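Trainee: I would like to go through this model and check what stands behind the labels. Could we take them one by one?

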Amino acid sequence: MAQDTTVPKLNFEYWLDKAIEWGQATTLESQKDVCLHLPQLQEFLHQLYETIKHLGPTVAIQQFPLIGQLLGRLCWNPFVIGYDESQKSLMWCLCCLYSSEPQNAVELKANSWIRSLLCHLLSSSKWESNEAETSTFISALGYTSADYYCHLVKNMVVSLVTELRENQFNGLNIQESISASRVNAISIFCVPLITLPDLTPLLETLLLYHGGSSKEILSSEFLEAVNEAFLKKKISLPESAVFSLWLRHLPSLEKATLHLLDQLFSIQLNSLEEVARVIKDSLLPQAASHPAIFRIVNDIFKNALMETDGTPEVMTVVQVFTQLFLQAYQNENKQHKFPLKAYFPYHHQPLVRSLVRRPFELPTTYWPQHVKHISDMLKAIVEDTNVSSLTDLFEIWFLVACFGEWLDIAAEQLLKAAVEPDPVLWLLAFYYCPKNENQQRTQTMVEAQAVYNHLMTLFSCTDLSLKDLEAAVHRVTGVEQCCSQQLTTHLLTNFLLFSSGGHKIAQECICHITEIADASKEVYNLLIHTAYRFNHSGEENQRTVKLMNELLQKLTLKV
């Protein structure tokens with residue numbers, strides 16, 4: 001029974017039909033078709049070898065009577081034997097058919113045929129020519145065979161690149177322009193050779209090439225293969241080529257974004273600097289300077305946030321990505337810069353302009369006023385009767401959440417500066433509780449106001465104990481409403497970092513609330529954001545930095 005099920009699994013007849021159809025790949029259509037099927041063919045040959053390697057020649061031929069015809073045809077197809085490990089797989093399969101002790105004339109003839117095919121494959125693998133004249137000619141040029149073919153590839157690439165570039169700047173001369181089908185064919189022929197270093201200039205030129213057609217002229221297989229090789233760091237491409245790839249092929253952009261998320265969540269990152277490095281290396285923030293790319297990546301992050309119920313890890317990625325995007329956007333040449341409305345077309349533009357202002361662009365004395373301005377605008381929008389659906393509310397909340405720097409500064413300003421507390425508390429209450437069903441946000445605001453008043457009475461005390469903070473701690477560990485708990489955790493963590501006596505009891509208090517309320521991730525997230533901003537704002541408070549590092553070290557084991 002086992003033998004009966006092997007044949008349909010391998011799809012033997014399909015590949016035999018293909019081999020007959022291709023011949024030696026002398027026509028343009030057959031060459032294109034071979035290139036498109038090479039990865040699947042290689043997998044089939046590997047499976048075929050795994051199937052016949054223990055059978056012996058006689059049983060193998062009984063099970064696959066036409067195996068000789070299939071292997072013989074493939075061995076003379078230059079595209080097949082030139083692709084990756086297909087040549088090696090063909091050799092292995094042929095060796096399985098070789099009879100070590102031939103019993104009759106048929107087996108002797110089969111062995112002779114196998115030896116001739118192996119000699120052909122071996123000579124091909126060394127780039128050697130069977131023609132004496134060609135070998136003499138190559139030697140006369142001062143090359144070895146391998147060198148000769150290497151230069152041949154380079155010259156071919158230079159020739160194609162020149163042809164494509166000249167055509168790109170010769171758009172008015174229609175008769176001399178390259179046809180879309182020729183460009184498409186070139187892209188298909190590149191698929192098996194994507195990782196060849198000498199091919200990189202041609203890959204770049206193709207990705208940046210735009211013909212007169214409104215439709216995509218590069219093959220989707222080529223675009224997918226380039227993206228895959230880039231994501232796996234098998235090739236290196238200029239930024240402009242990568243951006244062009246993502247602009248012309250949406251599935252590649254989506255895959256790159258999901259690949260980044262997988263990468264970030266599969267490794268332990270102990271600081272926002274590490275998160276920022278990984279995100280920046282992906283080139284997505286730089287590519288997002290184009291509004292179409294920004295909106296697609298932003299939508300993917302938005303969906304990831306909804307699917308994970310707003311976990312701190314995803315929120316951190318979104319906020320760091322937004323900061324890196326703003327850096328890239330601000331570095332853009334003014335002549336080529338898109339207006340902000342192109343990135344945030346459906347949002348209140350004065351609010352957008354206020355949120356994209358980076359804190360370091362303003363004097364610290366202006367921060368309280370700026371936070372109040374953001375809060376007042378946001379409150380007017382949210383409480384407007386036009387914001388009637390939960391979808392609209394979520395879009396506004398996501399916009400504010402992307403610019404998390406201002407939320408962190410708002411929480412700090414409550415404790416460190418003389419600010420009007422109500423607008424700042426409303427802003428934080430909206431972030432942690434955007435919906436106001438059953439007066440949830442209103443209740444969160446009341447809870448936060450009570451915690452804030454309590455903490456401010458203790459802010460200047462130099463000698464504190466955990467008992468002094470008992471009321472605030474109870475609101476973290478004893479309140480069932482999640483948003484109120486998170487906001488209280490935020491205020492309490494900042495109090496421990498910035499108050500006169502908070503440092504002494506910080507470790508004891510943090511350990512207490514993380515053990516009882518399982519708030520490790522929230523506190524850890526707040527600390528790495530604060531540490532990141534300290535490192536990039538020039539604020540020098542060695543005592544606070546040292547405390548944050550100690551707390552992060554302890555919390556790393558819990559998250």
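Mentor: Start with arginine 248, which belongs to helix 14 (residues 239-248). The model is a predicted one.

Trainee: Why is arginine 248 called buried?

Mentor: Its relative accessible area is 16%. Buried means under 20%, so arginine 248 qualifies as buried.

Trainee: What is arginine 248 in contact with, leaving aside neighbours within four places in sequence?

Mentor: The residues are Leu206, Leu207, Leu208, Tyr209, His210, Glu216, Ile217, Leu218 and Leu223. Isoleucine 217 is 31 residues away in sequence, with a C-alpha to C-alpha distance of 10.0 Å.

Trainee: What makes helix 21 oblique to helix 24?

Mentor: Helix 21 (residues 367-382) packs on helix 24 (residues 421-432) at about 55 degrees, and their axes are 9 Å apart. Under 35 degrees would count as roughly parallel, and roughly perpendicular begins at 65. The angle of about 55 degrees falls in neither range, so helix 21 is oblique to helix 24. The crossing is left-handed.

Trainee: Which classes of residue make the contact of helix 21 with helix 24?

Mentor: There are nine nonpolar, one polar and three charged residues. Helix 21 contributes Val371 and Lys372, among others, while the residues from helix 24 include Trp426 and Phe430.

Trainee: Which residues touch the most other members of the largest nonpolar core?

Mentor: Leu202, Phe222, Trp246 and Leu469 do, in a core of 130 residues. Helix 19 (residues 312-331) gives the most to this core, with ten residues. Another core, of 35 residues, lies apart from it and includes Phe12 and Leu48.

Conventions:
Residues are numbered from 1 along each chain as its sequence is written. This is a predicted model: local features need pLDDT of at least 70, side-chain atom pairs count only at pLDDT 80 or more; totals for chains, interfaces and linings use all residues. Side-chain values use heavy atoms; hydrogens and water are left out. A nonpolar core is a set of buried Ala, Val, Leu, Ile, Met, Phe, Trp, Tyr and Cys residues joined through side-chain atoms within 4.5 Å. Buried means under 20% relative accessible area, exposed over 50%, partly exposed in between (1.4 Å probe, protein chains only). Helices (H or I, at least four residues) and strands (E, at least two) are DSSP runs, numbered from the N terminus. Axes are lines fitted to C-alpha atoms, for helices over the stretch in contact, and angles run from 0 to 180 degrees between N-to-C directions. Angles under 35 degrees count as roughly parallel, over 145 as roughly antiparallel, 65 to 115 as roughly perpendicular and the rest as oblique. A crossing is left-handed if the near helix is turned anticlockwise from the far one by less than a right angle, and right-handed if clockwise. Contact means heavy atoms within 4.5 Å. Ala, Val, Leu, Ile, Met, Phe, Trp, Tyr, Cys and Pro count as nonpolar, Asp, Glu, Lys and Arg as charged, and the others, Gly among them, as polar.
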